[in-house]
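Student: Hey, I've just opened this one and don't know where to begin. Can you walk me through it?

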Amino acid sequence: MREGNDQVVTLAAVSGAHGVTGEVRLKLFADSLDSLKHYKSFNDGALTVKSLRPTKDGAIARFAEINDRNAAEKLRSTALTVPREALPALGEGEYYYSDLLGLPCVSTDGADLGTCVAVENFGASDVLEIQMPPSADGKPGKKFMVPMTADAVPQWGERIVIASGFVI
C-alpha cells in the first residue's frame with residue numbers, strides 16, 4: 001500500500017474481537033507471527049503491542065490502547081501497517097509484494113504491458129496480476145496473470161520485465 005510519498009506496508013489486518021478484554025484476531029500477511037514480533041507499534045504508533053500469540057488461522061493480539069470488546073470490535077478491518085523502511089533488508093532475488101505493486105511492466109520484446117496491480121499466492125508460487133493499458137476507445141485494458149518465476153519474470157526493480165511467451 002502506498003500513501004502519498006510515504007510507503008507503508010500492511011503486515012496484518014484485524015479480523016474481529018477475541019473475548020471480552022480487548023484482544024483481537026489477526027489475519028497475517030507476513031510470513032509468520034515472528035515477522036510481526038519485530039515491531040512494537042503499528043499505524044504510526046496508534047496501536048502499541050502488548051502481546052501476540054499464534055492461532056491456527058493467524059494470531060491474537062492485545063494492544064495497550066484497547067481495553068474492552070467494544071473497542072476491539074471497532075478495529076475490525078483495520079490494517080496494521082509499518083513504514084517500508086522499517087522492514088528488514090532483502091537478500092538477492094527477494095522482494096516485498098508492496099515493492100512490486102504499481103510498477104510498470106514491459107515484455108522482453110519491449111512492449112508496454114501496463115502495471116502490476118496485485119500479487120497473489122495460491123500455494124505454488126507468487127503470481128503477478130498485470131493490468132494492461134486502456135484501449136484506444138478508453139476501455140480498461142484486460143488483466144492477465146504471470147507466475148513470479150525466473151522464466152516468466154527475468155528482471156524486476158524499477159520495472160517488471162515479463163518474458164514474451166508468458167504474455168496473454
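Tutor: Sure, let's begin with a term: a residue is called buried when its relative accessible area is under 20%. Keep in mind that this is a predicted model.

Student: OK, so what about Glu-129, buried or exposed, and why?

Tutor: Glu-129 counts as buried because its relative accessible area is 17%, and the cut-off is under 20%.

Student: Where does Glu-129 sit?

Tutor: Glu-129 is in strand S10, which covers residues 126–131.

Student: And which residues does Glu-129 touch?

Tutor: Leaving out residues up to four places away in sequence, Glu-129 touches Thr-115, Cys-116, Val-117 and Ala-118, plus Lys-143, Phe-144 and Met-145.

Student: Switching topic: how many aromatic pairs turn up?

Tutor: Searching the whole structure gives three aromatic pairs. One of them is Tyr-39 with Phe-42, a tilted pair at 6.3 Å centre to centre with 55° between the planes. Both of those residues are buried. There's also a stacked pair, Tyr-95 and Tyr-97, at 6.5 Å centre to centre and 20° between the planes.

Student: Which residues form a cluster with Tyr-97?

Tutor: Tyr-95 and Trp-156 join Tyr-97 in one aromatic cluster. Tyr-97 itself counts as partly exposed, because its relative accessibility is 34%.

Student: Last one: what's the average pLDDT of the chain?

Tutor: The chain averages 91, and 96% of the residues score at least 70. Over residues 1–5, though, pLDDT stays under 50. The model has eleven contacts beyond four places in sequence for that stretch.

Student: Why should I be careful there?

Tutor: Because predicted coordinates shouldn't be read in detail where pLDDT is low.

Technical notes. Residues numbered from 1 in each chain as written. Predicted model: local features only at pLDDT ≥ 70, side-chain atom pairs only at ≥ 80, totals over all residues. Heavy atoms only, no water. Phe/Tyr/Trp six-rings, centres within 6.5 Å; stacked < 30°, edge-to-face > 60°. Buried < 20%, exposed > 50% of the residue type's maximum accessible area, 1.4 Å probe, protein only. Helix = DSSP H or I, 4+ residues; strand = E, 2+ residues; numbered from the N terminus. Contact = heavy atoms within 4.5 Å. pLDDT = per-residue confidence, 0-100.
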